[in-house]
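Q: I've got a sequence and a 3D structure open, and I'd like to learn how to read them. Can you take me through it feature by feature?

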Amino acid sequence: MNSVRVNWQLKAILPVGFVLLAGLLLFTLATLSFRDPERHAVLIVAGAGAVAICAVSIVALAYVIQRPMVELQEKIGQVSEGNLNVAVGFSRRNDEIGDLGRNFNHMMQQLRESREEIELLHRTQMSRAEHLATLGELAAGLAHEIRNPLAGIAGVIEIIGRDLPSTSPARAVVKDVRLEIAQINRILTDLLETARPHPPQICRSNLNTTVEHAVMLARQQVLSKPIKIELQQAPDLPEVEHDSDQIHQVLLNLLLNAVQAIEGAGTVRVEIGSRDDCATVLVSDTGRGIPPLNLSNIFRPFYTTKGNGTGLGLSLARRIVEEHHGRIEVSSVVGKGSKFDVVLPFHMTTAEIAAS
Ligand SMILES: Nc1ncnc2c1ncn2[C@@H]1O[C@H](COP(=O)(O)OP(=O)(O)OP(=O)(O)O)[C@@H](O)[C@H]1O
Ligand SMILES: [Mg+2]
């Protein structure tokens, strides 16, 4: 319900006017009963006085209240047009209206400072993004150039390995070289994928199979180490809409990180499950853990604490999972180990698939 809008001057002056008029009425009734011309003159003077009091009150109120209100409205209008360099002049007054003015000016000062901070942050982010884009292009070019000779080296190693007698001790060396080549190839793939991402090819399929494949590959990497990779599947898990190649890559990155975090003996556990409307894959390790200060950095591209790492594994993993409208949750205790929980929705809407 819309209430009737009444001008504030009217609101302020009505009670005063009402009291004055009531007094005047009583006074008139009393005076008329005397039929005395002198009293009539007094009546006229009293009436004029009442009108004068009302007029003076209006002028005083207009000066004390209306002027600052009009100024405030003008300044708010300027602010809504985007001009934050405004301040009201009545802030010098030593009353409640002055308090209002000082608060307004203080608020504007804070808004100006916040805007400057945001602009600075934006400029820094933009230049960092440009820097990263250039670096990404460079890295992608380099990765592409390295891949071809690497494929040649892998072929030669394969032939050498085949020609070696089965008793030759050099066979172990050849196997190591093959593993190293596979590692370089993985890094190059991550690098190329980061620089030139391709949208996921979403299909409904069994997540257990995707995870099992990644675990199998990771187990091959730890054959010579005292590290156990345990897998707990979820046979009853409904099919999950995902790009199995990309999620396989995510899990392999998490598994290799887990393995690399363990010095000496240890265990990596992979558990498949579900929560709400999502499938979950928890990769936990008994490795060195991540200090709380570093936790916010691990998903940044090129952030690495390893001598031979590119720092692309987790940033790529997160991007892929987010393109599946999922998320990666991390928790870690230094000296005890880390947990990476990949959460993927079972279903995506058509719009979500199109946006991936
Ligand atoms: N399970 C883990 N335990 C301890 N630290 C981890 C773990 N996973 C990631 N980290 C930390 O996060 C950093 C970034 O990981 P990310 O996978 O992005 O790059 P990287 O492993 O260093 O390099 P790359 O993946 O290219 O080999 C790692 O260098 C490491 O410090
Ligand atoms: Mg990694």
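A: Sure! One thing up front: this is a predicted model. Let's begin with the inside. The largest nonpolar core has 40 residues, and the members that touch the most others are Leu 207, Ile 229, Leu 255, Val 268 and Val 342.

Q: Which helices and strands each supply at least two residues of this core?
A: On the helix side, look at α5 (207-221), α6 (244-260) and α8 (313-323). On the strand side, it's β2 (227-232), β4 (266-275), β5 (278-285) and β7 (337-345). Helix α6 gives the most, with nine residues.

Q: How do I look at one core residue up close? What does Leu 255 touch?
A: Skip anything up to four places away in sequence, and you're left with Ala 214, Val 215, Ala 218, Ile 229, Val 268, Val 270 and Val 283. There's also another core, lying apart from the one we've been discussing. That one has twelve residues, including Ala 139, Ile 157, Leu 164 and Leu 191.

Q: Now helices. What span should the 68 residues of helix α3 have?
A: Count 1.5 Å a residue, and α3 (residues 96-163) should span 100 Å. The C-alpha atoms at its ends are 95 Å apart, so the two values agree. Try it on α4 (residues 170-195) too: with 26 residues, it reaches 38 Å from first C-alpha to last, close to the 38 Å expected. For α6, the 17 residues should span 24 Å, and the end C-alpha atoms are indeed 24 Å apart.

Q: And what should I look for where a helix starts?
A: Check for a side chain reaching to a backbone nitrogen. At the start of α3, a side-chain oxygen of Asp 95 comes to within 3.2 Å of the backbone nitrogen of Ile 97. For α6, Asp 243 caps the N-terminal end, with a side-chain oxygen 3.1 Å from the backbone nitrogen of Asp 245.

Q: Asn 105 caught my eye. Is it buried or exposed?
A: Go by the relative accessibility: anything under 20% counts as buried. Asn 105 has 17%, so it's buried. You'll find Asn 105 in helix α3. Leaving out neighbours within four places in sequence, Asn 105 is in contact with Ala 87, Val 88 and Ser 91.

Q: Can I ask that about a whole helix? How many residues of α6 are buried?
A: You can. In α6, 13 of the 17 residues are buried, so to speak a mostly covered helix. The buried residues of α4 include Val 174, Ile 181, Arg 186 and Leu 191. Among the things covering the buried residues of α4 are α3, α6 and α8.

Q: On to the sheet. What is the order of its strands?
A: A bit of background: strands of a sheet pair through backbone hydrogen bonds, either parallel or antiparallel. Here five strands form an open sheet in the order β2-β4-β5-β7-β6, with mixed pairing. The edge strands, β2 and β6 (327-333), each pair on one side only. On average, neighbouring strands are turned by 15° against each other, direction ignored. Helix α5 packs on this sheet, touching β2, β4, β5 and β7, and its direction makes about 170° with that of β2.

Q: How many bridges are there between β4 and β5?
A: Eight, in the antiparallel sense. You can follow the partners: Gly 273 stands opposite Thr 280 in β5, and Ser 274 stands opposite Ala 279 in β5. Strand β5 also runs antiparallel to β7, joined by seven bridges. There, Leu 282 has Asp 341 in β7 as its bridge partner. Seven of the eight residues of β5 are buried, so that strand is largely enclosed by the rest of the structure.

Q: Last one: which residues have a positive phi although they aren't glycines?
A: Look at Asp 276, with a phi of about 50°, and Phe 302, with about 70°. β4 and β5 form a hairpin with two residues between them, and Asp 276 is in the turn. With a relative accessible area of 74%, Asp 276 is exposed. Phe 302 sits in the loop between α7 (292-295) and α8, and its 32% relative accessible area makes it partly exposed.

Conventions: Residues are numbered from 1 along each chain as its sequence is written. Chains are lettered from A and ligands numbered from 1 in the order in which they are written. This is a predicted model: local features need pLDDT of at least 70, side-chain atom pairs count only at pLDDT 80 or more; totals for chains, interfaces and linings use all residues. Side-chain values use heavy atoms; hydrogens and water are left out. A nonpolar core is a set of buried Ala, Val, Leu, Ile, Met, Phe, Trp, Tyr and Cys residues joined through side-chain atoms within 4.5 Å. Buried means under 20% relative accessible area, exposed over 50%, partly exposed in between (1.4 Å probe, protein chains only). Helices (H or I, at least four residues) and strands (E, at least two) are DSSP runs, numbered from the N terminus. Contact means heavy atoms within 4.5 Å. The expected span of a helix is 1.5 Å times one less than its number of residues. A polar contact is a pair of N or O atoms within 3.5 Å; within protein, one must be able to donate a hydrogen and the other to accept it, and residues adjacent in sequence count only if both atoms are side-chain atoms. Two strands pair if DSSP finds at least two bridges between them. Axes are lines fitted to C-alpha atoms, for helices over the stretch in contact, and angles run from 0 to 180 degrees between N-to-C directions.
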